[in-house]
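Student: I would like a close look at one helix and its surroundings. Please take it slowly and state the cut-offs as you go.

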Amino acid sequence: MASAAVPLDDSQLAALAAQAGDDPARLRLLAMAQAAAGRHDEALESFQRAVVLKPDYAEAWLSLARLLLDLDRRGEALASAREAARQAPQDKMAWHWLGVAAHKLDLLDEAVAAQRRAVEL
């Protein structure tokens, strides 16, 4: 999950974590900041906590899928991307990233179908 922004330092991340509490949207933002700072394990925990607290949070599932792809955890990324597309069937980016994840696992029929769906939207 590359970011053009300057990564937050440890104290800023700690403050953001304290503010996040059990708010799934804030946890997602925290996870994105953690990922940008290279703190991938913490980012994974924050994304996973967000989707546990709000299982229908498509944006968090999609962000989790993208981080997992960056970490080359392809099977987990595919599962998260599938969930994002299931939760948000009209979200072209969910379908795009599902296609990317499927392609990385050589699931070419699924990859093509997902990319086609993304283009249709």
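Tutor: What follows is an account of helix H6 and the core it belongs to, with a short look at Gln34 afterwards. This is a predicted model, in which local features need pLDDT of at least 70 and side-chain atom pairs count only at pLDDT 80 or more, while totals for chains, interfaces and linings use all residues. Residues are numbered from 1 along each chain as its sequence is written, and side-chain values use heavy atoms, with hydrogens and water left out.

Helix H6 covers residues 92–104; helices here are DSSP runs (H or I, at least four residues), numbered from the N terminus. H6 has 13 residues and reaches 19 Å from its first C-alpha to its last, close to the 18 Å expected, where the expected span is 1.5 Å times one less than the number of residues. At the start of H6, a side-chain oxygen of Asp91 comes to within 2.9 Å of the backbone nitrogen of Met93. That is a polar contact (a pair of N or O atoms within 3.5 Å; within protein, one must be able to donate a hydrogen and the other to accept it, and residues adjacent in sequence count only if both atoms are side-chain atoms). After H6 comes Asp106, with a positive phi near 60 degrees.

The buried residues of H6 are Ala94, Trp95, Trp97, Leu98, Gly99, Val100, Ala101 and Ala102. Buried means under 20% relative accessible area, exposed over 50%, and partly exposed in between (1.4 Å probe, protein chains only). Among the elements covering these residues are H4, H5 and H7; contact means heavy atoms within 4.5 Å.

Trp95 and Leu98 also appear, with Leu64, Leu67 and Leu69, among the residues with the most contacts inside the largest nonpolar core, which has 34 residues. Helices H2, H3, H4, H5, H6 and H7 each supply at least two residues of this core, and H4 gives the most, with 8 residues. Such a core is a set of buried Ala, Val, Leu, Ile, Met, Phe, Trp, Tyr and Cys residues joined through side-chain atoms within 4.5 Å. Leaving aside neighbours within four places in sequence, Leu64 is in contact with Leu44, Phe47, Gln48 and Ser80.

Away from H6, Gln34 sits in helix H2 and counts as buried because its relative accessibility is 6%. The side chain of Gln34 reaches the backbone nitrogen of Ala43 at 3.4 Å. Not counting residues up to four places away in sequence, Gln34 touches Leu13, Arg39, Glu42, Ala43 and Ser46.
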